[in-house]
Amino acid sequence: MKKTYKIEVDCANCANLMEDTAGKVAGVASVTVNFMTQKMIVTFEEGQDPKTVMKEVLKACKKVEPDCEIEL
Amino acid sequence: MSKKQKKMLIRIIAASVLLILLNLLKLPEAASAAGYFIAYLVIGYDILRKAWKGILNRRPFDECFLMAVATLGAIALAIYEKSGDYNEAVAVMLFYQIGEFFQSYAVGKSRRNITELMDIRPDYANIETDGTLEQIDPDEVEIGSVIVVQPGEKVPIDGIVTEGSSTLNTSALTGESVPRACGVGDEIISGCINLTGVLKIRTTKEFGESTVSKILELVENASSLKSRSEEFISRFARVYTPAVVYSAVALAVLPPLARMLTGLPAGWNDWIYRALTFLVISCPCALVISIPLSFFAGIGGASHEGILIKGSNYLETLSKVRTVVFDKTGTLTKGVFEVSGIHHSPMEDAELLEYAALAECASSHPISRSLQRAYGKEIERNRVSEIEETGGEGVRAVVDGHRVAAGNEKLMKRLGITPIDCRSTGTIIHVAIDGAYAGHIVISDLEKPGVKEALAALRNAGVNRLVMLTGDAEKVASRVAEDLGIDEYHAELLPGDKVSLVEKLLAERSSERDKLAFVGDGINDAPVLSRADIGIAMGAMGSDAAIEAADIVLMDDDPMKIAKGVRISRKCIRIVYENIVFALAVKFGCLIMGALGIANMWAAIFADVGVMVIAVLNAIRALRVKNL
């Protein structure tokens, strides 16, 4: 399953970091962060609940970039 | 300017004023130190806070942490050396913040500019109830509803005109500035602007399936597919910061130790200062920001010209295209065939045409459609049965009880019928009725105006091999190829042959770096479009299949746009490389000079911020593609 989330991130490198971090969260198959359109496109692994996975993603992202925001 | 940015601007101004005052007024030492301290906190408190969080999260390479270490280090050195000069630390922080501010402002602004270029989203649809117009959300309009579009409004949903006539401005979709006329019965596409008359439109699609939604989705997601240069930069950024930090540590420790061993004074101050200079340059942001921004601007500029590029990676591939393969029909030629002659028919010409048109009634091939058009009457489907279409050959069917075969020479030969050759050039449709040859119909296609110029422009843009593929007869193909100055052509191909030919052409390239593009109308060449390095669909306005299958979609069918697309991509990629080379050169130059003690922290921060400003301004240039 693929879902798009609106995000808020200020610098391009932080967007890259978020992409790296989010990709390592369990349940996420792949993730692309688009800095220019401020969007995060997440592909979830089969049978995962996007809501619980995204909570973890947000938590992980906050760690690398405290200022970032993901609209869940 | 957002609230965040305004606040930042105020902090920048306050800190700058304070810094200038402190330098002009000769305050006693303690007061001056306090002043510098306040200025430092005003401009850098959030950096310090984030640096602290970085430590808590065990992220030593966080840029805020590095800035904090560099500036606090400079302050510590100033205290240790009793120089009382804290200018450097405050200024480094100040310029760093100015850089960040500029970055967020410029990126926000260009993001808005680019989305404005693509501002085709309709806000409402008018529905007439009891003689009054009501504005409703286009999402709520069901298929088959009648919507009213007044002059000056955007057409919100695809549909068919049921009442009224008008002219439409399609420039937002196609980049074409000449308005298009439309009247009752015409299909009309969302995203156009109604110019002159009131139109009533019966919708044929939901809003989410309409052209305008598809295009918006495509453009918005375009920059998510990352190019090789973007991948390179993000990999580079991952290594760059740690590398610089480790060398900074080495620079602070190793040379003094070495000097101590050789009996020289260690000079810790000097080397620590040089190491701090390193930390200032360690942020890779200038590099990282300018690359996606360039691609985004390039894609935005291109879409304004009616060239939709589905991803940064395709923009990059397009710039390396050396071979362009064209499908003939609908791409180089109009694809509007007209019957130009009927020969060797034992029956009336009109009767032969009738049989052929009826036999071909189920086919959407342009040739079939032109036969149906030439027949001119309503097709009575119930007269036709047992339709069997063979790609690249033709159609067999039973019409009014007669077995009719209509197609090319191959079909006739397979059926054991000897066709009579034709002297005129054009597509020949041989017709056999009940197993006996019944003559042939000549159909000719017209070259699109401007194709010749477009091909010349492609050659100018660096394409060195032009190939034409067609299912059409050898004779027709050779004439068109000669007319247009195409290097090679392959005729009489079956749909499957096109894929294998493209594969052959891919294998023939001298190097993997030379890319191959296939240009088709996107209707029945989806496999070829996806097999080529890059698939370009032309005249795709309104064709979902084409938008789906292609990597690059030309909204109208102006062949000149292909060359323009190549030039846009070249410009964009050039800007990307300029930025990469420029930023790396300045950063490494600065690192070397910093290590040698030539560049101080001032130079480092100017290099950092200056490079970013120039790179961002350069990236925005990619948006200007009008006159390419």
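# Helices, sheets and cores in two chains

Reader: At what angle do α9(B) and helix α21 (residues 601-620) of chain B pack?
Author: The axes of α9(B) and α21(B) lie 8 Å apart; axes are lines fitted to C-alpha atoms, for helices over the stretch in contact, and angles run from 0 to 180 degrees between N-to-C directions. Helices (H or I, at least four residues) and strands (E, at least two) are DSSP runs, numbered from the N terminus. The two helices pack at an angle of about 5 degrees.

Reader: What pLDDT do local features need here?
Author: Residues are numbered from 1 along each chain as its sequence is written, while chains are lettered from A and ligands numbered from 1 in the order in which they are written. Since you are looking at a predicted model, totals for chains, interfaces and linings use all residues and side-chain atom pairs count only at pLDDT 80 or more, whereas local features need pLDDT of at least 70.

Reader: Is α9(B) roughly parallel or roughly antiparallel to α21(B)?
Author: Among the residues that meet are B:Ile289 and B:Leu293 in α9(B), with B:Val611 and B:Ala615 among those in α21(B); contact means C-beta atoms, placed from the backbone, within 7 Å. Angles under 35 degrees count as roughly parallel, over 145 as roughly antiparallel, 65 to 115 as roughly perpendicular and the rest as oblique. The packing angle is about 5 degrees, so α9(B) and α21(B) are roughly parallel.

Reader: Which helix gives the most to the side of chain B that touches chain A?
Author: The contact takes 19 residues from chain B and 14 residues from chain A. On the chain B side, α2 (29-56), α4 (87-117), α7 (228-261) and α9 each supply at least two residues. With 6 residues, the one that gives the most is α9(B).

Reader: Which helix brings the largest share of the largest nonpolar core?
Author: Such a core is a set of buried Ala, Val, Leu, Ile, Met, Phe, Trp, Tyr and Cys residues joined through C-beta atoms within 7 Å. The largest one has 168 residues, and B:Ile289 and B:Ile552 are among those with the most contacts inside it. A share of 12 residues comes from residues 285-304 of chain B, helix α9.

Reader: Is B:Asp525 buried or exposed?
Author: B:Asp525 lies in the loop between β20 (515-520) and α18 (526-531) of chain B, and it touches B:Asp327, B:Lys498 and B:Gly520, not counting residues up to four places away in sequence. A residue is buried if 20 or more other C-beta atoms (placed from the backbone) lie within 10 Å of its own, exposed if 12 or fewer, and partly exposed in between. B:Asp525 has 28 other C-beta atoms within 10 Å, so it is buried.

Reader: Which strands stand at the edges of the open sheet in chain B?
Author: Strands pair if DSSP finds at least two bridges between them. The sheet has 6 strands in the order β2-β1-β3-β9-β4-β7, with antiparallel pairing. Each edge strand has a single partner, so one side is left without a neighbour in the sheet; these strands are β2 (132-136) and β7 (187-188).

Reader: What is the bridge partner of A:Val31 in β3(A)?
Author: Strand β2 (residues 28-34) of chain A pairs with β3(A) in the antiparallel sense over 6 bridges. Their hairpin has 4 residues between the strands, and A:Gln38 there takes a positive phi near 55 degrees. Opposite A:Val31, the partner is A:Val42.

Methods
Contact = placed C-beta atoms within 7 Å.
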